[in-house]
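This report concerns the salt bridges of a single structure. Please consider the sequence and the model shown below.

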Amino acid sequence: MLRFIVDETLAGRGDRLKGVTVAQAVFGRDETFDQQSDPVVRLEARRLRADLDSYYVDIGSDDPVRVTVPKGGYVPHFAWQNHDAPARPKAPDPQKVPPSLMDETVPPATPAAATGTRRKRLTLAAALLGLGGVLAIGLALVGWPVAVTKAATERTPAIIVLPFEAFGDNDDIALIASSVTEELIENLMLFQDFRVYSTTSSFRQIPGTDAEALGRNKGVSFVVTGVMQSQNGQVRLRARLVDTQTGEVRWSGSYDEPLNPSDLLGAQHELAVAISTELGEPYGAVNEAIARRMARESTPSMPSYACIQRAYAYRRSFEDALFAPAMACLKQAVVRDPDYADAWAMLGWLHLDSVRHDIAPQAERSDEMAAAFAAASHGVALEPGNPRTLAALSAISFYRGDYAAAEDLQRKVLALNPYDPDTLAQLGWRLAVRGNREGLEYLQQAIARSNHPPGWYFHLIAVYAYLDGDYTRALDAASQSAASGSPMAMSFAAMSHAKLGDMEAAGAALATMAEGSPLLGSDPAAAYRMHHASETIIEALVDGLRAAGWVPPDEVTQ
């Protein structure tokens, strides 16, 4: 995108740089492109502006020319950074300077000098960028995306939303409070200028955890806490934003709403807008996202809304005891509210989980996969721009073996929210497990944006480090994943221990692996194949397990 808009501007075609032009030339959209339903250009422009800012306060701080893309358009501007300056002052610490002050501006030229100054800037910009400046910036922003993203992330204020506390006379109030927490996290993740900890990270915390302690122990800059109380069909929601460095309450709000989904969405909207405004960020993205959700023709009933939260409660922990009640509830929800796209999406996820997690009997798995695909497809048909329906269909398509469709769908989800670590990790994992190393970049970005990344974020990091012969790094990644008790991670740890010469640790990891997953213990190739790993990866991993001491059962009996 940067190369295209710079080339077009230097060629004198800057006045043609509209959203439709960029979408078709850069992102492969056709003449049917609609900016309202497909925000890819707007979202990528935000990312580009943030990446350019990060570049110029870091490795690009001494570049003679600065390229910016002013908000409200896609025409780049070129300006001297340090021309004729005796010395360049040290770049300010982004943690201590408000985002609005980080934009380096150039004093306006006087009328008499304006034409000459503009020509001089464009001449130098054309020379530098035409001879390699674009390539240099492009490599900084694209060639080394993990390093730049990590550097930017470390300078970005972090915010965590603690699980909202709940009490009252409604049996589902705890589920509803969890929903509000989750929706708020998703809304705040639309902003690139502060880092929001993932849902997984948030729900690992205890409601009411001391904000200053989180600041000290987790590196969190701001904490959002909330309490939800139900009484006589009404909900009172109280929330506040706390600065962990000072303990100061930066913002607080109270909302009284009827106990129904549409009003709760409105309260979530106001919460996200208020918090993001307090942090100094624009909130157009949140307004757009909430508007899309509230524009549904059919508002779900309260029981169906609660079913969604039961499904999310299961998918946060994958506890077997939660599966059957959530599945039964969702089946009722899609009958009760047949136009509720989120319910169809979650139903698709649970049908898929019944296969992936060995819940459904072997004889029923084909039917379960068909039901999963049908449910998610119906959800997408109801709401083609809903990231939940798209994400569900992407996962199901992948496990059906339609890898191209799965990738295309997940990239659409990523365009809708480029900062959600789970979305990044889902795409990265699927690319990497099929042999595409581009996936590692997305996984690294997901890890950088998470305080407590789920163990599976590290699986392919471990695998590729092992394949590359970096066994220490492979063991480190496997160990981070194994901390959650993953048998898959223990298999990676076993083969890494063996390569490092610690056969005792390798044997212990193999035993733990087999205890946690009998299939891995008896037929690891089948276990890896279940998750659609490429045959090259499967062969290398099985060889690694053999070297660690694993013996196929049929060879043991001989």
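In this predicted model, ten salt bridges are present. Three of them are described here, including their positions in the chain and the accessibility of their residues.

| Salt bridge | Closest N and O atoms |
|---|---|
| R315 and D353 | 2.8 Å |
| D358 and R365 | 3.1 Å |
| R411 and E438 | 3.3 Å |

The salt bridge between R315 and D353, with its closest N and O atoms 2.8 Å apart, links distant parts of the chain. R315 lies in helix α11 (residues 302-317), while D353 belongs to helix α13 (residues 341-356), and 38 residues separate the two. Both R315 and D353 are buried. The pair is also part of a network of salt bridges that links R315, D353 and R356.

For D358 and R365, the closest N and O atoms are 3.1 Å apart. Are these partners buried or exposed? D358 has a relative accessible area of 49% and is therefore partly exposed, since the cut-off for exposed is over 50%. R365 is buried, because its relative accessible area of 15% falls under 20%.

R411 and E438 meet through their side chains in a salt bridge at 3.3 Å, N to O. This pair, too, links distant parts of the chain: R411 is in helix α16 (residues 403-416) and E438 in helix α18 (residues 438-448), 27 residues apart. R411 counts as partly exposed at 28% relative accessibility, and E438, with a relative accessible area of 27%, is partly exposed as well.

Conventions
Residues numbered from 1 in each chain as written. Predicted model: local features only at pLDDT ≥ 70, side-chain atom pairs only at ≥ 80, totals over all residues. Heavy atoms only, no water. Salt bridge = Lys/Arg side-chain N within 4 Å of Asp/Glu carboxyl O. Helix = DSSP H or I, 4+ residues; strand = E, 2+ residues; numbered from the N terminus. Buried < 20%, exposed > 50% of the residue type's maximum accessible area, 1.4 Å probe, protein only.
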